[in-house]
Amino acid sequence: MADLTDAYNDYASDEIKAFMEFDEGKTLDLFTEDGKILGIPSYEDPYMSAQFLWIRKDWLDKVDLAVPKSLEELETAAQAFVDQDPDGNGKDDTYGLALHKDLISWGYDARGLFYTMGAYPKTWVKGEDGKLIPGETQPETKEALDLMSKWYKSGIIDKEFALKDTDKVVEDIVAGKVGISFGEWWYPNHPLNVSKEQDPEADWIPLELPTYKGEESKTSIPTSRIGDITVVKKDFEHPEAAIKMINFYQELQKPEYDDEVTAENGYVYNWFQPRVYKPDDFQTAFQEVNEALDQNADKVDSTNTTTLTVFEGAKKYLDGDESMWGLYFSRAAKDGGWATVERIREKGNVVYDEFAGGTTPTMVSKGSSLEKMTDETFVKMIMGSESIDKFDDYVKNWSKLGGNKITEEVNEWYEENQ
Ligand SMILES: [Ca+2]
């Protein structure tokens with residue numbers, strides 16, 4: 001691959017350079033070897049993956065409980081959602097915490113609960129000795145599974161969770177069967193908006209991860225949410241051409257070109273590869289939209305397309321268009337989803353998943369069977385069909401069946417790339 005260092009330094013626009021600096025150059029560093037830039041990555045704000053929780057405030061009010069701050073208080077609320085008929089229909093038909101068969105997934109899963117307890121299964125966090133450790137085999141993970149098995153017994157976790165996929169859990173959320181879900185900032189956009197449509201009383205609010213043993217909890221976030229990477233063939237005569245194209249496509253994404261950049265005008269390459277996206281578009285939108293709303297402005301002036309979309313939706317919502325609630329409450333509201341992401345960012349309550357090295361050789365040969373063993377063992381332990389005391393056996397098996405080798409490979413990568 002061609003060395004793009006000079007081309008980048010000489011030709012990349014100030015905006016592209018600002019994109020690369022958004023995460024202090026962390027992502028660009030992944031594609032830099034011996035000081036040479038070999039690829040220009042497009043990446044997203046890793047805080048988009050921050051886990052927190054959504055809870056029904058109207059149910060808390062019904063069972064006469066304050067907004068929970070600690071894990072113990074969350075447990076009390078969740079149990080009340082099981083026992084005290086929060087939907088008031090006289091039937092024993094609600095449960096506490098949304099969960100499904102994939103405990104570590106992309107939504108309505110157990111990541112937020114694990115992170116609350118300092119457990120980081122299926123991520124690689126830096127240990128005290130500076131080496132990366134696999135979260136799934138650590139004692140904190142055992143502790144979290146133990147708590148979940150207790151919650152399964154007490155009905156906080158649905159008895160059918162192991163038979164449910166994300167669609168089924170979403171059905172429960174929408175149908176008013178469950179009052180708490182760990183997850184991300186975008187939930188209001190779907191499915192919480194549908195929950196509100198079904199039941200206008202459904203008042204979902206976001207909360208940062210509860211405290212645990214008196215300490216603030218830290219969500220895991222990836223080192224980087226990498227998209228496409230632009231590279232140039234070695235010995236290509238004009239490596240700067242790639243940089244110029246990146247500049248060009250970035251420029252074209254600006255709202256001022258919206259009328260011009262249409263298929264009729266020949267712009268049919270909207271998904272062409274060298275697009276580098278603004279990593280902080282949601283953060284920028286949140287700030288700009290709130291500044292404009294605070295000043296009662298009718299318009300928002302921005303080169304960030306997301307700002308324009310969010311402002312328009314927020315205005316409509318504030319003028320009474322309920323169909324815009326999801327967009328408003330996920331992206332703009334000061335007590336909404338993205339606002340919670342910003343609070344987590346300000347406090348720095350994150351633990352990075354430090355491994356960004358792709359798939360190691362032993363992951364290729366053993367990774368999927370190890371994951372399967374992990375998933376099955378954890379679900380069995382929660383359901384009580386396998387004792388938590390067997391966790392140490394699980395760790396031994398995991399290590400022996402390829403886990404130790406994978407850990408070595410991951411740390412070899414880390415030594416070369418940190
Ligand atoms: Ca009920």
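In this predicted model, helices H15 and H16 meet along a run of side-by-side contacts: on the H15 side these involve Pro361, Thr362, Met363, Lys366, Gly367, Leu370, Met373, Thr374 and Thr377, and on the H16 side Tyr394, Asn397, Trp398, Leu401, Gly402, Gly403, Lys405, Ile406 and Glu409. The axes of H15 and H16 lie 10 Å apart and make an angle of about 145°. The crossing of these two helices is left-handed.

H16 itself repays a closer look. This helix spans residues 391–417, and although it has 27 residues, its end C-alpha atoms are only 32 Å apart, short of the 39 Å that a straight helix would reach. A kink of about 65° is found in H16, centred on Lys400. Buried positions in H16 are Phe391, Tyr394, Trp398, Gly403, Ile406, Thr407 and Val410. The partners of these buried residues are H15, helix H7 (139–154) and the strands E6 (124–126) and E7 (132–134). Of the buried residues, Tyr394, Trp398, Gly403 and Ile406 also appear in the contacts with H15.

H15 covers residues 361–383, and Ser365 is found within this helix. Is Ser365 buried or exposed? Ser365 is exposed, because 12 other C-beta atoms lie within 10 Å, and a count of 12 or fewer places a residue in that class. Between Ser365 and Glu260 there are 50 Å in space, C-alpha to C-alpha, for a separation of 105 residues in sequence.

A second helix pair is formed by H11 (residues 281–294) and H12 (residues 305–318), which pack at an angle of about 45° with their axes 8 Å apart. H11 and H12 are therefore oblique to each other, and their crossing is right-handed. From H11, the residues involved are Asp281, Phe282, Thr284, Ala285, Glu288, Val289, Ala292 and Leu293; they meet Thr306, Thr307, Val310, Phe311 and Ala314 of H12. As background to such lists, an α-helix has 3.6 residues a turn, so residues three or four places apart point the same way.

Among the strands, E3 (residues 40–44) holds Pro41. Pro41 counts as buried because it has 20 C-beta neighbours inside 10 Å, and 20 is where the buried class begins. Apart from neighbours within four places in sequence, Pro41 is in contact with Thr27, Leu28, Phe31, Ile226 and Ile229. Thr94, by comparison, is 53 residues from Pro41 in sequence and 45 Å from it in space, C-alpha to C-alpha.

Several loops carry backbone features worth checking by eye. His190 and Pro191 are joined by a cis peptide bond, with omega about 10°. Pro191 is placed in the loop between strand E8 (178–183) and helix H9 (192–198).

Which phi value does Asp85 have? Asp85 is not a glycine, yet its phi is positive, at about 45°. This residue sits in the loop between helix H5 (71–83) and strand E5 (95–97), and it counts as partly exposed because it has 16 C-beta neighbours inside 10 Å. Tyr108 also has a positive phi, near 55°, in a residue other than glycine. The loop that holds Tyr108 runs between E5 and helix H6 (111–116). With 27 C-beta neighbours inside 10 Å, Tyr108 counts as buried.

Conventions
Residues numbered from 1 in each chain as written. Predicted model: local features only at pLDDT ≥ 70, side-chain atom pairs only at ≥ 80, totals over all residues. Helix = DSSP H or I, 4+ residues; strand = E, 2+ residues; numbered from the N terminus. Expected span 1.5 Å × (residues − 1). Bend = angle between axes of the 7 residues up to and from the residue. Contact = placed C-beta atoms within 7 Å. Axes fitted to C-alpha atoms, helices over the stretch in contact; angles between N-to-C directions. Parallel < 35°, antiparallel > 145°, perpendicular 65-115°, else oblique. Left-handed = near helix turned anticlockwise from the far one by under 90°.
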